[in-house]
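User: I am new to this structure and would like to learn how to read its features one at a time. Could you take me through them carefully?

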Amino acid sequence: MAIIMLVTTLLSMALLCEEATAAAYVRPPARPNLMLFAGGKKSIQPDQVHVSLAGPNRMRVSWMTSSMTAPSTVHYGTTSQQYTAIASGVKKSYSYFLYKSGQMHHVVVGPLLDNTTYYYMCGGSGREFKFTTPPPAGPDVPIKFAVVGDLGQTGWTKSTLEHIENSNYNVLLLAGDLSYADYYQPLWDSFGKLVTPYASAKPWMVTLGNHDIEGIPYIVDPFRAYNTRWQMPYSESGSVSNQFYSFETAGVHVLMLASYADFDEDSSQYKWLQADLARVDRSRTPWLIAVLHAPWYNSNAAHQLNGDRMMAAMESLLYEARVDMVFAGHVHAYERMTRVYSMKRDPCGIIHITIGDGGNREGLAQSFLDEQPEWSMYREASFGHGELDMVNATHARWTWHRNDDDEAVVADDIWITSLSAPESQCSVSSSTKRGVSNRRVLRPLGT
Ligand SMILES: *[C@@H]1O[C@H](CO)[C@@H](O)[C@H](O)[C@H]1NC(C)=O
Ligand SMILES: *[C@@H]1O[C@H](CO)[C@@H](O)[C@H](O)[C@H]1NC(C)=O
Ligand SMILES: [Fe+2]
């Protein structure tokens, strides 16, 4: 056990090296990890329950049991304790050195009614949970996202989650760096427990961050814990990876991109993204947004240029598709950009937002570059979360809520007009119709 602790400590030190060298500034007090450990007995009781969208009118229910024999079934219905349907799925487990995970069950339920609360029971026994499905599909249907990044499992995480809960959101978007287990696998279990009250009740859609990789060359494949525990929908347009996918809800098409999978022109992620964008119909989903981990626009002193290679490979693709907003994490601070493309303000560009201030144990990235770039509108190093309220087909309200001690305070508040709105004059349909060939002007890499 001591050896395992030593190895994981050394590994985390190696992993965090990059951050330590970037950290020539003083971080305000981080709060320590909250460790919520499981009881030791082999149990069929569901634990670490979370739900995610799994296609039109489908939800995936995921949970952990310590017992190997617990069934992968979900009983569900719209009335408490009266289950009218049952679905079954799969279970998975993994080992990581001496650590052996429990059984992670993934069951897709549906078809479900829109905007409806379902009561459900995992594995045929144990306590009842409930989730609420998002509003129906439709270009003008309002929907509210909670947006968070670099969550971790500290006292700050807890206050962020409590504030998010009060926002009455429909779907949560998580821009990578979930548990900050950093190779110490029991912290994934602890994270699963911490988020259960929230993630069992509303769909959580996640993408991966650098702390979720946990690969060790020649010994452990990357994303072993992440892939087992946080299975996300495979894209209908052909993604064969758990690392990147898209989904549609209400009037929004959401791209979940992977900063830590290949993204160059001949990569499967790039080809999938091209195909996925070609299927976007702005009369069906007037809003087009993306979530990834390492920001492309960033005037914080931390992680400068970490997202640069991906930006060089993919920015023009997203720009020409008239993506409205890109959310990133990684930098532990809040920053909002104006519409920007190729490092210049551009009325048809993308609004980039860094929201890596969820509550991780490393603390805040306190120092910003002295000169605020012309595209940076608002920047502040405090813990918090964002809310994206799609009011109708053309207007959305974005607010950033700062955790002032344990209170949530609205610190940044703007209205956004979609690029698909007639008044934006950014010719969405012509850019979507134009083929996907010969439309990329790449900045050279590494210069
Ligand atoms: C969803 O249901 C709530 C009440 O349960 C209602 O107030 C709201 O308008 C509904 N939203 C949509 C988009 O139907
Ligand atoms: C959409 O919402 C905005 C903000 O509330 C409002 O000004 C605008 O008139 C709405 N558009 C339509 C078509 O209702
Ligand atoms: Fe990160």
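User: Which residues of H6 are buried?

Analyst: In this predicted model, the buried residues of H6 are Met-310, Met-311, Ala-312, Ala-313, Met-314, Glu-315, Ser-316, Leu-317, Leu-318, Tyr-319 and Glu-320. The helix is thus mostly covered, with 11 of its 13 residues counted as buried. As a general idea, an α-helix has 3.6 residues a turn, so residues three or four places apart point the same way.

User: How many Å should the 13 residues of helix H6 span, and where does H6 bend?

Analyst: To read a span, one sets the expected value beside the distance between the ends. At 1.5 Å a residue, helix H6, which covers residues 308–320, should span 18 Å, and this agrees with its end C-alpha atoms, which are 18 Å apart. The helix also has a bend of about 50° at Met-314, and just after H6 comes Arg-322, whose phi is positive at about 60°.

User: Which residues does a disulfide join, and are they buried or exposed?

Analyst: A disulfide is recognised by two cysteine sulfur atoms within 2.5 Å of each other. Here Cys-348 is joined to Cys-426, with an S to S distance of 2.1 Å, and the pair links distant parts of the chain, 78 residues apart. Cys-348 lies in the loop between strand E19 (344–345) and strand E20 (350–355), whereas Cys-426 lies in the loop between strand E24 (407–417) and helix H7 (428–433). Both Cys-348 and Cys-426 are buried.

User: Why is the disulfide of Cys-348 and Cys-426 called left-handed?

Analyst: The disulfide is left-handed because the torsion about its S-S bond is about -85°.

Methods
Residues numbered from 1 in each chain as written. Chains lettered and ligands numbered in written order. Predicted model: local features only at pLDDT ≥ 70, side-chain atom pairs only at ≥ 80, totals over all residues. Heavy atoms only, no water. Helix = DSSP H or I, 4+ residues; strand = E, 2+ residues; numbered from the N terminus. Buried < 20%, exposed > 50% of the residue type's maximum accessible area, 1.4 Å probe, protein only. Expected span 1.5 Å × (residues − 1). Bend = angle between axes of the 7 residues up to and from the residue.
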